[in-house]
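Trainee: Let us go through the labels on this model. I want to hear the value and the cut-off behind each one.

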Amino acid sequence: QVRQAGIGVYPCADGHVFLYAADSGVGRGWKLLAQWIAEAGVAGAEELLDPRWQDSGYNTQAGPCARFAALCAEFARHRKKQALFEQGQARRIAISPLNSATDTIADPHLRAREFFDPRGWPGAPYRLSSTPWHAPAATPALNADAPWVRSEIERQRVAPAGLPRA
């Protein structure tokens, strides 16, 4: 359920995108999004240009949230998530594709960074020269850490007040 117009997950032609275009003190996100949707020719989208949409007392109400969701769905339904992401970036609007594992592996940015190693393992989320990232040498066996996990669960288990620990 959307709690504020301009924030949430919205459907598009090939999946979904996460949008964060509420002002939250920044002041530009909503205006940029409203202009984009209106420029796209979505019927009724010009109402999003009204300043009341920038008021959280208004844009958090159920009616406006539902209206925005309908306009955004119409805007996005024929657009692909990667195109929305790229166009959103160009417009300085925080919008991101919700990628599947296949999408992530094929991501051009991650490929250019050589994020996945030759085994297909994810690489470093960062690169430091003094303390470089090292991936494990081998894949651990299934449930190899199960005894340790069970002992940690038991060690941290807290008995209800007044009762001895089992």
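Trainee: Why does Lys81 count as buried?

Mentor: Its relative accessibility is 9%. Buried means under 20% relative accessible area, exposed over 50%, and partly exposed in between, with a 1.4 Å probe and protein chains only. Lys81 falls under the first cut-off, so it counts as buried. This is a predicted model: local features need pLDDT of at least 70, side-chain atom pairs need 80 or more, and totals for chains, interfaces and linings use all residues. Residues are numbered from 1 along each chain as its sequence is written, and side-chain values use heavy atoms, without hydrogens or water.

Trainee: Where does Lys81 lie, and which residues touch Lys81?

Mentor: Lys81 lies in helix α4. A helix here is a DSSP run of H or I with at least four residues; a strand is a run of E with at least two, and both are numbered from the N terminus. Lys81 touches Cys12, Asp14, His16, Val17, Pro97, Leu98, Asn99, Ser100 and Asp103, leaving aside residues up to four places away in sequence. Touching is contact: heavy atoms within 4.5 Å.

Trainee: How many helices and strands are there in the chain?

Mentor: Seven helices and three strands. From the N terminus, the elements run β-β-α-α-α-α-β-α-α-α.

Trainee: How do you know that β1 and β2 pair?

Mentor: DSSP must find at least two bridges between two strands. β1 and β2 have six, in the antiparallel sense, so they count as a pair. Cys12 stands opposite Gly15 in β2. A hairpin of two residues joins β1 to β2.

Trainee: And what makes β2 and β3 a pair?

Mentor: Four bridges, again antiparallel. That satisfies the requirement, so β2 (residues 15–20) and β3 pair. Phe18 stands opposite Ser96 in β3.

Trainee: What is the order of the strands in the sheet?

Mentor: The open sheet runs β1-β2-β3, with antiparallel pairing. β1 (7–12) and β3 (94–97) are the edge strands, since each pairs on one side only. From one strand to the next, the twist averages 25°.

Trainee: Which strands does helix α3 touch?

Mentor: Helix α3 (residues 62–76) packs on the sheet and touches β1 and β2. Its direction makes about 40° with that of β1. Such angles run from 0 to 180 degrees between N-to-C directions, with axes fitted to C-alpha atoms and, for helices, over the stretch in contact. Helix α4 (residues 81–90) lies across β1, β2 and β3, at about 155° to β3.

Trainee: Why does Phe18 count as partly exposed?

Mentor: Phe18, in strand β2, has 34% relative accessibility. That value lies between the buried and exposed cut-offs, so Phe18 counts as partly exposed.

Trainee: Which residues make the nonpolar surface patch?

Mentor: Val9, Phe18, Tyr20 and Leu98 make a patch of about 330 Å². Patch residues have over 30% relative accessible area and no salt bridge; nonpolar side chains (Val, Leu, Ile, Met, Phe, Trp, Tyr) are joined within 5 Å, like charges within 9 Å.

Trainee: What makes Arg91 and Glu39 a salt bridge?

Mentor: Their closest N and O atoms are 3.2 Å apart. The definition asks for a side-chain nitrogen of Lys or Arg within 4 Å of a carboxyl oxygen of Asp or Glu, so the pair qualifies. It links distant parts of the chain: Arg91 is in the loop between α4 and β3, Glu39 in helix α1 (residues 29–39), 52 residues apart. Arg91 is partly exposed at 31%, whereas Glu39 is exposed at 55%.

Trainee: How many salt bridges does the structure hold?

Mentor: Five. Another of them joins Glu47 and Arg67, at 3.0 Å between the closest N and O atoms. Glu47 lies in the loop between α1 and α2 (56–59) and Arg67 in helix α3, so this pair ties together parts 20 residues apart in sequence. Both count as partly exposed: Glu47 has a relative accessible area of 24%, and Arg67 is at 33%. Glu74 and Arg77 also meet in a salt bridge, at 3.0 Å from N to O.

Trainee: Are Glu74 and Arg77 buried, partly exposed or exposed?

Mentor: Glu74 is partly exposed at 37%. Arg77 is partly exposed at 45%.

Conventions
Areas by Shrake-Rupley, 256 points an atom, 1.4 Å probe, with all protein chains shown as cover.
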